[in-house]
Every structure is written in structure tokens, then in C-alpha cells.
Amino acid sequence: MKVIRKADLPLGKQDSGHIFNLLIDSVIDYAIFLLDPNGIVATWNPGAQRLKQYKPDEIIGKHFSTFYTQPDLEIRKPWHELEVAAETGRYEDEGWRLRKDGTKFWANVIIIAIREADGTLLGFGKITRDLTERRASELRYRLLIDGVTDYAIYSLDPNGNVTSWNSGAQRIKGYTGDEIIGSHFSNFYTPQDRDAGVPERVLRTAFEQGHFEGEGWRLRKDGTRFWSSVVVTPIRDEEGTLRGFSKITRDITDRKRLLDEIQHHASELEREIQERERTNAELEAFSYSVSHDLRAPLRAIEGFSSALREDFGSQLPAEGLEYLDEIRTASIRMSNLVQDLLDYSRLSRVELDLVPILIRESVDSAIQEIAAPVGIISIEIPDGLTVFAHRLTLVQVLANLLDNGLKFRSAGREQKIRVSASLDGPAVAIQVQDNGIGIEEKYQDRIFKVFERLHGTEEYPGTGIGLAIVQRGVEKMNGSITIASQPGVGSTFTITLLAAPAAERNG
Ligand code: ADP
């Protein structure tokens with residue numbers, strides 16, 4: 001008869017107890033051993049030897065309290081553990097245990113009561129794992145989190161109850177860990193936010209979107225408010241089951257206050273600007289209607305002084321005729337002034353339609369308008385150079401600049417005015433250059449204001465409104481104007497306007 005050895009049998013047919021022993025013997029990451037009902041070590045696997053350093057014959061037969069520290073022995077912990085295991089079937093614990101050489105390791109321990117079918121206690125199975133490394137890294141992590149005082153870092157269980165609390169949380173919110181762990185995090189919200197369901201919404205958003213980020217008022221333990229910036233992230237295990245939430249809160253009350261202040265100033269400024277714009281608009285409407293209404297009496301003065309001269313001129317002495325001339329000159333000046341003021345205020349009220357305009361044509365119109373003497377003005381403008389502009393306004397701007405160039409001539413040298421234009425990127429620069437009296441630098445800003453003149457009207461006639469019209473007209477055409485001038489040498493005014501494609505021109 002052939003002898004069949006157990007080892008020749010397929011696994012399932014072998015004695016399962018034997019296989020189990022082989023399994024236990026091959027485990028080296030866990031100490032797995034049996035205790036008798038009194039706690040005496042009965043078996044010892046290689047994992048136990050590796051972990052606790054005892055060989056089987058050194059420990060089998062000894063009481064398992066050998067593995068416990070002095071303080072644990074003093075409170076009779078080993079015996080207590082066996083009692084609990086015997087009573088409830090199972091005992092689990094984490095704590096310091098001793099190796100043979102007296103060094104400590106952090107152990108996760110499970111003790112299981114082993115009973116016969118009739119309930120007789122046979123002993124205990126004990127499984128021990130060395131978690132020293134994990135504990136050290138957890139400790140490092142905890143110390144790291146706890147060392148952060150600028151941020152409140154804490155965790156919640158899936159229902160929103162606080163489960164951990166760092167020193168930053170204590171500093172910012174005023175609760176110690178003992179006071180708050182176990183409480184619901186909605187305690188940090190204002191009653192209004194709580195009533196509006198904000199805390200629930202925060203967790204729901206974090207749960208559904210994997211993230212919540214927001215700012216808002218929160219309450220400290222003492223009831224005071226702080227403006228917080230919050231990030232909430234769900235914590236899931238390997239299977240994806242929700243384990244809770246991590247929450248990081250920062251107190252940004254100072255920043256919020258600063259922002260509020262800036263915002264307040266900004267809206268104040270906005271209000272002032274609006275008020276000023278309204279006042280300006282009112283003033284302009286006022287000056288427009290005044291100028292407008294001045295025209296009728298002015299016409300009467302002009303008309304009647306002409307009639308006086310025609311009908312009664314022969315009866316007036318020479319002095320009387322002189323006075324009449326003065327009246328006439330003054331009324332002409334005034335009607336120029338009124339016309340300029342009307343032009344100026346009209347410009348600020350209208351929206352200009354900007355279309356492609358040929359620069360050359362506008363310059364020609366302007367020269368025609370001021371009836372410039374021949375031979376003074378030279379023109380250097382490339383054919384077809386076109387800008388986006390409003391034709392009448394551009395002509396008026398150019399006429400004013402050319403008029404000034406002619407007017408503020410330098411005595412004792414041949415007068416020359418040059419109008420040029422050139423493409424400068426997306427823009428066109430149009431220059432009006434004269435060799436006149438020039439303007440001192442300190443006056444170069446002022447002359448663009450209404451009624452600002454550097455000379456008396458006897459010396460150079462004018463209203464002081466021309467350059468104000470020029471500047472406003474250019475701005476209305478989305479352009480800008482600059483001046484370069486030197487007293488005794490001459491002035492160059494440069495207008496910059498957006499270039500228009502030559503093909504589109506219709507100016
Ligand atoms: P007006 O020509 O009616 O006096 P403007 O507003 O056109 O008013 O000009 C304001 C002032 O700027 C002039 O009175 C003059 O003093 C100065 N100014 C303007 N253009 C020139 C120029 N081309 N050369 C010298 N001075 C000028």
C-alpha cells in the first residue's frame with residue numbers, strides 16, 4: 001500500500017490546522033501568539049521573535065506582562081486587558097510595549113478570547129503590530145499642524161462635528177480643543193448664517209464639488225466677529241467613503257477692513273466725480289444759454305451803432321465818431337467771445353461721429369477758413385493719410401492752431417508755418433509748427449484753459465478760448481494734444497489721432 005504524505009495532497013485536502021500553523025510561522029510583520037487563560041505565553045511565531053527579540057524558548061512559559069512598561073504594570077494593565085477580552089471576547093489597544101533589550105515600541109494590540117464550543121476559556125490569541133514609525137510620522141504631522149498659529153486647521157466628522165483642533169484654531173476662535181471637539185461647527189457661524197443654512201451649504205458644496213472656498217463673518221468664543229477666509233475639503237478613505245472634512249480658516253479682518261475702506265473711498269470719489277460732472281454740465285448749460293442770450297442784445301448794439309453812424313454820423317463831432325468806433329470794436333470782440341464760448345460748450349455737449357477723414361483736405365479747408373496769406377504755410381502730408389475724426393471739428397482745431405501760428409509771429413523774421421503729418425504705429429501725428437514768439441514752459445499747460453492768455457488784447461487780439469476748443473475737440477475725437485515750444489524760437493503743437501485705413505476714406 002502506498003503511503004500518502006500530507007505534503008503530497010492538494011492544499012484543500014491537507015489538515016487545515018497544519019496549514020494555518022505554516023501561515024502563522026511565515027508571518028513576520030505581526031507578532032501572533034497564544035496565551036493560556038492566565039496569560040502565560042504558549043506559542044511564538046517568527047514575527048513575534050522579530051518584534052520582541054525573544055526566541056521561543058526564552059519566552060514560552062513566561063507571563064505576557066513581561067512586555068509591559070512599569071507604569072502599565074503598576075495599574076495592572078495586562079490583567080485588565082485579559083479580563084476585558086474574556087468578558088467581551090476582544091480587546092484592542094495602542095500603547096508602549098517593551099522589547100527584550102528594554103527598548104520601547106508603539107504597539108497596536110488585539111487580544112481575542114478563544115473558547116470551546118461549550119464556552120470554556122481555552123486562552124487568548126494575541127496579535128501585535130509595531131506602529132512606532134507610523135506614530136512618529138503622525139506625531140510629526142500633528143506637531144506641524146499644531147505649530148501653525150496663523151491658520152485654524154481642524155477636522156470635522158461627516159456630520160460637521162469638530163474632531164481635531166490646532167493651536168491656530170484656538171488662537172483665532174478662542175476655544176481650547178477640549179471645549180470644542182465634539183461640537184458642531186455651525187457654532188462658528190452668525191445666527192443669521194445659521195438660519196440661512198450656510199453651514200450645511202458649505203459642507204454640501206465641499207462634498208459635491210470636492211472643495212469649498214469662501215469668505216464671511218464668523219464668531220469667536222467671546223461672541224466677537226472676525227472676517228474669515230475658509231477652505232473646506234472632504235476627506236475620503238481608499239474606497240471613497242466620506243470620513244469627514246478638513247477646514248482651514250484664516251482671520252483676514254484687517255485686510256477686509258482695509259478693502260472696505262478703499263471701497264468706501266472709491267465710492268466717495270465716484271460720488272464726488274459725479275457731482276462735479278453734474279456741476280460742470282450745469283455750468284456749461286448755463287454758460288451756453290447765457291452766451292446764446294447775449295447774442296440778441298449784441299446784435300442790437302452792433303445794429304444801432306451802425307445805424308447811428310449811417311443816419312447821424314454827419315452830425316457827430318470827430319470824438320463822437322471815435323467813441324462809436326470803440327463801441328463797434330468792443331461789440332465785435334464780444335461777439336467773437338460769445339461765438340467761441342458757444343463753440344466750446346457745444347463741443348462738450350455733442351457726441352462726435354468719427355469717420356475716416358483725409359488729413360490733407362481738412363488742412364486745406366482750415367487754411368481757407370482763416371484766409372491765410374499765401375506763402376507762409378507749407379504742407380507736408382503723405383497722400384491719402386487718413387484719420388478717424390469728425391470733419392468740422394478737425395477743421396476747427398486746425399484753423400485755431402494755424403490762426404495762433406499766424407497771430408503770435410515774431411517781429412523781425414520771415415514767418416514760416418509748417419503743417420506735417422506722419423503715421424506713428426496705429427496713430428497719426430499731425431504737427432503745426434511755427435517760428436513765432438514761443439511760450440515759456442511754465443505756461444505751456446495753462447494756455448489750454450478757457451480765458452488763459454499770456455498777452456493783452458491790444459498786443460495780440462483773441463478770446464483765450466481757442467486752445468480750449470482745440471483740446472476738447474481733439475479729446476472728443478479720442479485723440480490727444482501736446483506742445484513743444486521755446487520762447488523766441490517757435491512752437492510745435494502735435495495732435496495724435498487714430499489712423500484710419502486709407503481704403504475706407506470718405507473725407
Ligand atoms: P487766443 O489765441 O484767443 O488768445 P488761445 O486759447 O488760442 O487763445 O491761446 C491761449 C494763449 O496761448 C494765447 O493767448 C497765447 O498767449 C498762447 N499761444 C497760443 N498759441 C500760440 C503760439 N502758436 N505761439 C505762441 N503763443 C501761443
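Select helix α11 (residues 253-312) together with helix α12 (residues 318-349) in this predicted model. These two helices pack at an angle of about 155 degrees; angles over 145 degrees count as roughly antiparallel, and α11 and α12 are therefore roughly antiparallel to each other. Their axes lie 9 Å apart, and the crossing of the pair is left-handed. Colouring the contact of α11 with α12 by residue class shows 14 nonpolar, 10 polar and 8 charged residues.

Next, colour the chain by domain. The protein is divided into domain 1 (6-130), domain 2 (136-251), domain 3 (257-348) and domain 4 (351-506). With domain 1 and domain 3 selected, the viewer will show C-alpha centres that lie 108 Å apart.

Keep α12 selected and add α15 (466-476). How do the axes of α12 and α15 cross? They come within 10 Å of each other and cross at roughly 20 degrees. Angles under 35 degrees count as roughly parallel, so α12 and α15 are roughly parallel to each other. In passing α15, α12 makes a left-handed crossing.

Now select α13 (359-370) and α14 (391-407). The axes of α13 and α14 are 8 Å apart, and the two helices pack at an angle of about 55 degrees. This angle makes α13 and α14 oblique to each other. The crossing of α13 and α14 is right-handed.

The last stop is the largest pocket, which holds about 980 Å³ of space. To centre the view there, select Asn404, Lys407, Pro461, Gly462 and Thr463, the lining residues that lie nearest the centre of the pocket. The lining comprises 43 residues. Which elements give two or more residues to this lining? They are α12, α13, α14, α15 and β16 (490-498). Highlight α14 among them: the largest share of the lining, 9 residues, comes from this helix.

Colour the lining by residue class next. It has 18 nonpolar, 14 polar and 11 charged residues. Finally, return to the colouring by domain and look at the pocket again. From which domains does the lining of the largest pocket draw at least three residues each? Domain 3 (257-348) and domain 4 (351-506) each supply at least that number. The helices visited earlier meet again at this stop: α12, α13, α14 and α15 are among the elements that give two or more residues to the lining of the largest pocket.

Key
Residues numbered from 1 in each chain as written. Predicted model: local features only at pLDDT ≥ 70, side-chain atom pairs only at ≥ 80, totals over all residues. Heavy atoms only, no water. Axes fitted to C-alpha atoms, helices over the stretch in contact; angles between N-to-C directions. Helix = DSSP H or I, 4+ residues; strand = E, 2+ residues; numbered from the N terminus. Parallel < 35°, antiparallel > 145°, perpendicular 65-115°, else oblique. Left-handed = near helix turned anticlockwise from the far one by under 90°. Nonpolar A, V, L, I, M, F, W, Y, C, P; charged D, E, K, R; others polar. 1 Å grid on protein atoms, 1.4 Å probe; cavity = no way out; pocket = protein on both sides within 12 Å on 5 of 7 lines; lining within 4 Å. Points joined across faces, edges and corners; volume = space filled by probe spheres on them. Domains from an automatic or database assignment.
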